[in-house]
Amino acid sequence: MGAGTVRGRNAWMGAARRWAAALCLAGLALGLPGLPARAVEGGAQLVPAEAGAGLSLPCRAAVLVDQGTGTVLYEKDADRQMPIASITKVMTLLLTFEALHNGQLTLDTPVPVSEHAASMGGSQVWLEPGEHFTLDEMLRAICVSSANDAAVAVAELVGGSEEAFVARMNAKAAELGMTGTTFKNACGLDTEGHLSTARDVAVMSRAILRECPEVLHYSGIWTDTLRGGETMLVNTNKLLRRYEGITGLKTGTTGGAGVCISASASRDGLDLIAVVLGSDSSAERFDSATRLLDYGFANYEAAPLPDLSGRPLYLDVTGSDGFDVPLDYSALPERLLVPRGGASALTASVELPGAVPAPLSRGDEVGTVTIAANGTPVGSWPICAAAGAAPLDFDAAVRLMLESLL
């Protein structure tokens with residue numbers, strides 16, 4: 001095929017792609033509220049500002065968030081600083097799984113037990129100084145039985161000492177934007193100044209579920225044993241047997257914190273996190289989490305994106321011997337959080353230039369996809385070049401000119 005034919009084909013394809021972009025998915029959206037709620041961490045979605053109105057929960061603080069976007073669906077004193085008991089262990093687990101991911105540890109790594117770790121009160125598996133368990137066994141003790149002694153032993157292994165590990169916990173909290181949180185220990189026992197908030201717990205819970213989904217393997221275990229069957233582990237999260245779709249995550253109880261939970265659950269592609277702090281009893285804790293999750297699943301859904309089958313797949317590049325580059329739409333989410341029944345109101349539009357000049361690198365942003373409801377944009381995501389395009393050098397330009405004359 002001659003160069004002239006190639007250029008003619010690409011010119012026609014470019015025009016066709018620009019026409020497809022102009023026609024891409026515009027229309028009226030009906031009946032969807034357009035007021036975004038506050039998010040615990042980025043991601044505006046269409047959620048009514050009055051979300052959760054009428055819910056009455058027997059606890060001091062609570063928040064319900066969409067796991068995917070961080071959108072808050074309900075909150076009650078969500079920024080009130082208070083003890084969070086063993087929900088603290090979510091951060092301990094997050095840093096431990098990070099150590100696994102970076103190769104510092106393996107699940108078979110032996111975890112020694114110090115005098116300090118063995119001295120922890122509250123929930124425990126009665127570790128003895130000098131005992132060794134594998135990290136996998138310690139993770140089961142932490143996630144299933146909320147063992148304080150196991151949490152501190154693991155913290156000492158990962159950080160070198162509990163004090164050094166706690167410094168890393170606070171650094172990670174700052175990195176995640178947990179502005180209301182200060183950790184003083186690795187297990188959650190009442191200690192002066194050891195405080196967090198319901199919103200920060202949601203941020204922390206989202207982080208571990210996003211970065212370390214293997215935590216759900218451990219938090220979903222109902223019963224297990226250690227020491228060859230001598231020590232029984234029974235999960236403190238009774239919602240595992242009571243609530244459809246529950247996946248985890250962590251309970252907590254101390255005199256200062258009251259009875260608490262961060263509960264994760266999934267139904268039909270919608271992933272929620274319900275945080276309840278400061279209930280007076282275990283029954284009230286689980287009742288509050290159940291009400292929050294029921295409210296979320298009854299009123300919201302994870303909607304697929306509007307049809308983008310007609311989107312342009314290539315973009316013309318001027319001043320390059322490649323003529324065009326493929327486009328990468330992978331930044332788009334698979335689903336969007338909307339009020340239940342609101343999926344049909346969503347529309348999408350593609351914004352791309354007619355062409356871009358070389359040079360172009362893979363990953364360069366070249367356009368956007370905007371999702372709207374009732375004509376109001378609710379989010380935009382980048383379209384990127386899926387390949388690079390180098391500029392024509394002199395020799396290549398001369399060669400192409402000569403080929404066009406043949």
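A residue is counted as buried when its relative accessible area is under 20%. In the predicted model, Ser-86 has a relative accessible area of 8% and is therefore buried. Ser-146, with a relative accessible area of 3%, is buried because this value also falls under the cut-off of 20%. Over the protein as a whole, buried residues account for 51% of the 406 residues.

The two serines belong to a set of annotated positions. In an unreviewed UniProt entry, the annotation "active site" covers Ser-86, Lys-89 and Ser-146. These residues are spread over 61 residues of sequence, yet they cluster in space, the largest C-alpha distance being 8.0 Å. Of the annotated residues, Ser-86 and Ser-146 are included in the lining of the second largest pocket.

Ser-86 is placed in the loop between strand E2 and helix H2 (89–101). Apart from neighbours within four places in sequence, the contacts of Ser-86 are Ser-146, Asn-148, Cys-187, Gly-188, Lys-250, Thr-251, Gly-252 and Thr-253. Ser-146 is found in the loop between helix H4 (135–145) and helix H5 (148–159). With neighbours within four places again set aside, Ser-146 is in contact with Ser-86, Lys-89, Ser-123, Ala-141, Thr-236, Lys-250 and Thr-251. Lys-250 and Thr-251 thus appear among the contacts of both Ser-86 and Ser-146.

Strand E7 spans residues 246–254 and is, together with strand E2 (72–76), an edge strand that pairs on one side only. The sheet concerned is open and has five strands in the order E2-E1-E9-E8-E7, with antiparallel pairing. From one strand to the next, the twist averages 5°. E7 pairs with strand E8 (residues 258–267) over eight bridges in the antiparallel sense. Gly-252, one of the contacts of Ser-86, stands opposite Cys-260 in E8. Helix H7 (residues 198–211) packs on this sheet and touches strand E1 (61–66), E2, E7, E8 and strand E9 (270–279). The direction of H7 makes about 140° with that of E9.

The protein contains 10 helices and 17 strands. Among contacts between residues at least 6 apart in sequence, 66% join residues at least 24 apart. The protein exposes about 17,300 Å², of which carbon and sulfur atoms supply 54%.

Terms used. Residues numbered from 1 in each chain as written. Predicted model: local features only at pLDDT ≥ 70, side-chain atom pairs only at ≥ 80, totals over all residues. Heavy atoms only, no water. Pairing = 2+ DSSP bridges. Helix = DSSP H or I, 4+ residues; strand = E, 2+ residues; numbered from the N terminus. Axes fitted to C-alpha atoms, helices over the stretch in contact; angles between N-to-C directions. Contact = heavy atoms within 4.5 Å. Buried < 20%, exposed > 50% of the residue type's maximum accessible area, 1.4 Å probe, protein only. Areas by Shrake-Rupley, 256 points an atom, 1.4 Å probe, with all protein chains shown as cover. UniProt positions renumbered as here; feature names shortened; annotations may be inferred. 1 Å grid on protein atoms, 1.4 Å probe; cavity = no way out; pocket = protein on both sides within 12 Å on 5 of 7 lines; lining within 4 Å.
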